[in-house]
Amino acid sequence: MNSIIITAILVLSLLGVALAVVLYLVAQRFKVIEDPRIDLVEAVLPGANCGGCGYPGCRGFAEAFVKTDDIGSMFCPVGGNDTMAKAAEVIGQTAEAKDPMIAVVRCSGSPEYRKRVVEYDGASSCKLATALYSGDTGCQYGCLGLGDCVAVCKFDAIHIDPVTLLPVVDEEKCTACGACVKACPKFIIELRKKGPKGKRIYVSCINKDKGGPARKACQVACIGCGKCVKVCPHEAITLENNLAYIDYNKCKLCRKCVEECPTGAILEINFPPRKPKVEGQTESVENN
Amino acid sequence: MLKTFAKGGVHPPENKFSANKPIEVLPLPAKVSIPVSQHIGAPATILVAKGDKVKVGQLIAQSAGFVSANIHSSVSGTVESIDPVLDSSGYKRPAITIVVEGDEWEPTIDRSPELKRNIDADAQTIIKKIAEAGIVGLGGATFPSHVKLSVPAGKKADVLIINGVECEPYLTSDHRLMLEKGHELMVGIQLLMRALGVDKAMIGIENNKPDAIKYLTEIAKEYSGITVHALKVKYPQGGEKQLIKALINREVPSGGLPIDIGAVVHNVGTAYAVYEAVQKNKPLFERVVTVTGKNLPKPSNFLVRIGTPVSDLIAAAGGLPDDTAKVVNGGPMMGKAVTDITVPVTKGTSGIIVFPAAESKRKAESVCIRCAKCVSACPMGLEPYLLIRMSQRMMFEKMEHERVLDCMECGSCSFECPANLPLLDYIRLGKTEVNKIIRARKN
């Protein structure tokens, strides 16, 4: 009995040792030489594998990062400046700080402002609906509210508001990976500078129709009147195809355009409430 | 045993309410909006400007390339605007809006009702005239007809197939045309035969139109080379690949065209338009449209000028019933709901169907149990249950491998699915994405 056990143990141990040697030799023979920094860079990355950087996952980013000559052209939107600084340190360089970005939904057409004229009954996908028709309202540029952006967000940062039926971006959770930007078939979502203390101003509309039809379809549409362009002291606003666009690099957050916009298409986010209008009072006095 | 195609197919209820209603000429509308993109291919280039006076049959937009089509004014009057107008695509697209004044035709058009049977034109002249008249496939696909007739070098057609199947439920416009314009149709077919250089033409008609089969068989004796064939009723027999299989038992290779196996297919409506264009010098600016629906007071077949608002047709058919929830442009299987009934009739509008609320809602979706009903329904031998999964997971390269581009969007899979899955919707999305991939690969 004992001899059987001992033989078995011996045979298996010998086999193990012999195969270990074979494995070792094979591993030496077919060794893949890899830059050890790849692992180090990957370790400091967030590991979300969201693809927001444009590479196939964090490993792909790390591989490209150790090879590139210009690390300024690469950026991990999820990790932000801290992660980039650490990653750059690993390969002995320094990364320039970039302004944090956030996804912005450029449509304010809630049912209150934008009347539903068609009932859509198909599968709940913006992509499918776009292939069929221009949308359930008179505005062919506006949000369909079927949630393709919600489905692609890996960070649970965008949700459809049950009242406005529009996507709302969670400022805390949004990493500006850009997945929703790519998913939106109407090109409504844009990555914009988050701004100091989250303060930002943008045109919340992409309607390129002329003023009349745009306003008829939606009360808060940009009608391309150009008032904001005239009032902007920093030349940050351009008007093209009946639509105003604010360049976030030039905008100094003075809020003059917000006051000027006749339809309320320009939104200001995270600003303190305005002081009661002094000018308005004097005007009314004059009118009297 | 009647002939039919081998693979797949479904049997939707026919509901051909307007089959015995003769074609009526719809009164002129007050205004028409003529989209410049009514065909497959490049949108036509606009030739007129705001304020111009136009006559019936005048060229107002010119074909912008080989695969494109001329567009003619369907009315006489003044061009009111050249602005995007909502059309049956569901989008606003460039269109020429004309306010109707009188009914003055181009003097070159022969308006006499006599049948002109003698064919003097040669093949090249016929094709040229068809291109000039802006004729496109009137079955609904709107592919420019002159392109189909220009046989590429190295290929040869040996048979012309005329599609009188009208397999879509509800629609009767082709049926009425065959009954009322039989002789014109025959001359049109002979013109097409000469253009292609073939001596054989076969007309395929489904067996639910016995009067048309009888009448055309009778008059076909007067014309050489034309035969009429009754086919078993099965949707989608009007698909050109299915019709070729049913009539001459040849199969178009995957990704190929009917000309690869020596056949060219044209619709009866197209053949009639060819007769008018070549023999009567009349460009394509009107067509027969079926207006129908279960609760519509007066289902009818109208001869309609292109650009007429759909609402005019519905009004002439007795007005929109109160319980209407959906208006479809085209057949119930392949047609598309319109988002507004002011959209204009285009060259591809074969029918307008008004659906009551009870029939227009999609049924609740459940889960796929892999019963494979969609597989047996698919006339192209595809696996829709697999394609929808791939499409939902964005596996578009795999979809290409699964031959998604062979899908002709007949909707048989969605019709049969007991789980009411939006199979066709997702397959169509997959087709669009696969086409994008292929284009990107070429560049």
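This passage describes the fold of chain B, its contact with chain A, and one strand of chain A. The model is predicted.

Chain B holds 14 helices and 17 strands. Its radius of gyration is 21 Å, close to the 22 Å that the globule rule gives for 443 residues, so chain B is as compact as a globular protein of that length. The C-alpha trace of chain B spans about 65 × 50 × 50 Å along its principal axes. Of the 443 residues, 51% count as buried. Many contacts in chain B link distant parts of the sequence. Among contacts between residues at least 6 apart in sequence, 73% join residues at least 24 apart.

Two sheets of chain B are described here, one antiparallel and one parallel. Strands of a sheet pair through backbone hydrogen bonds, in either a parallel or an antiparallel sense. The antiparallel sheet is open and has 3 strands, in the order β3-β5-β6 of chain B. At its edges stand β3 (45-46) and β6 (71-72) of chain B. Each has a single partner strand, so one side of each is left without a neighbour in the sheet. Strand β5 (residues 59-62) of chain B is joined to β6(B) by 2 bridges, and the two run antiparallel. Leu59(B) has His72(B) as its bridge partner in β6(B).

The parallel sheet is also open. Its 4 strands follow the order β11-β10-β9-β12 in chain B. The edges are formed by β11 (226-231) and β12 (263-267) of chain B, each of which pairs on one side only. On average, neighbouring strands of this sheet are turned by 25° against each other, direction ignored. Between strand β9 (residues 159-163) and strand β10 (residues 201-206) of chain B there are 4 bridges, and these strands run parallel. The bridge partner of Ile161(B) in β10(B) is Met202(B).

Two helices lie across strands of this sheet. Helix α4 (residues 182-196) of chain B lies across β9, β10, β11 and β12 of chain B. It runs at about 145° to β9(B). Helix α7 (residues 268-279) of chain B lies across β9 and β12 of chain B, at about 80° to β12(B).

Helix α11 (residues 384-392) of chain B carries several buried residues. These are Pro384(B), Tyr385(B), Leu387(B), Ile388(B), Met390(B) and Ser391(B). The buried residues of α11(B) pack against four helices of chain B: α10 (373-377), α12 (396-401), α13 (412-416) and α14 (423-442). Just after α11(B), Met394(B) takes a positive phi of about 60°.

Chain B also touches chain A. The contact takes 11 residues from chain B and 11 residues from chain A. On the side of chain B, α14(B) gives the most, with 4 residues. The residues of that side divide into 3 nonpolar, 3 polar and 5 charged. Helix α14(B) therefore appears twice in this account, as a packing partner of the buried residues of α11(B) and as a contributor to the contact with chain A.

In chain A, strand β1 (residues 101-105) is mostly covered, with 5 of its 5 residues buried. In a regular strand the side chains alternate between the two faces of the sheet. Met101(A), Ala103(A) and Val105(A) point one way from β1(A), while Ile102(A) and Val104(A) point the other way. All are buried. β1(A) pairs with strand β4 (residues 189-193) of chain A over 5 bridges, in the antiparallel sense. The bridge partner of Met101(A) in β4(A) is Lys193(A).

Note on methods. Residues are numbered from 1 along each chain as its sequence is written. Chains are lettered from A and ligands numbered from 1 in the order in which they are written. This is a predicted model: local features need pLDDT of at least 70, side-chain atom pairs count only at pLDDT 80 or more; totals for chains, interfaces and linings use all residues. A residue is buried if 20 or more other C-beta atoms lie within 10 Å of its own, exposed if 12 or fewer, and partly exposed in between; C-beta atoms are placed from the backbone. Two residues are in contact if their C-beta atoms, placed from the backbone, lie within 7 Å. Ala, Val, Leu, Ile, Met, Phe, Trp, Tyr, Cys and Pro count as nonpolar, Asp, Glu, Lys and Arg as charged, and the others, Gly among them, as polar. The radius of gyration is taken over C-alpha atoms; the globule rule is 2.2 Å times the number of residues to the power 0.38. Two strands pair if DSSP finds at least two bridges between them. Axes are lines fitted to C-alpha atoms, for helices over the stretch in contact, and angles run from 0 to 180 degrees between N-to-C directions.
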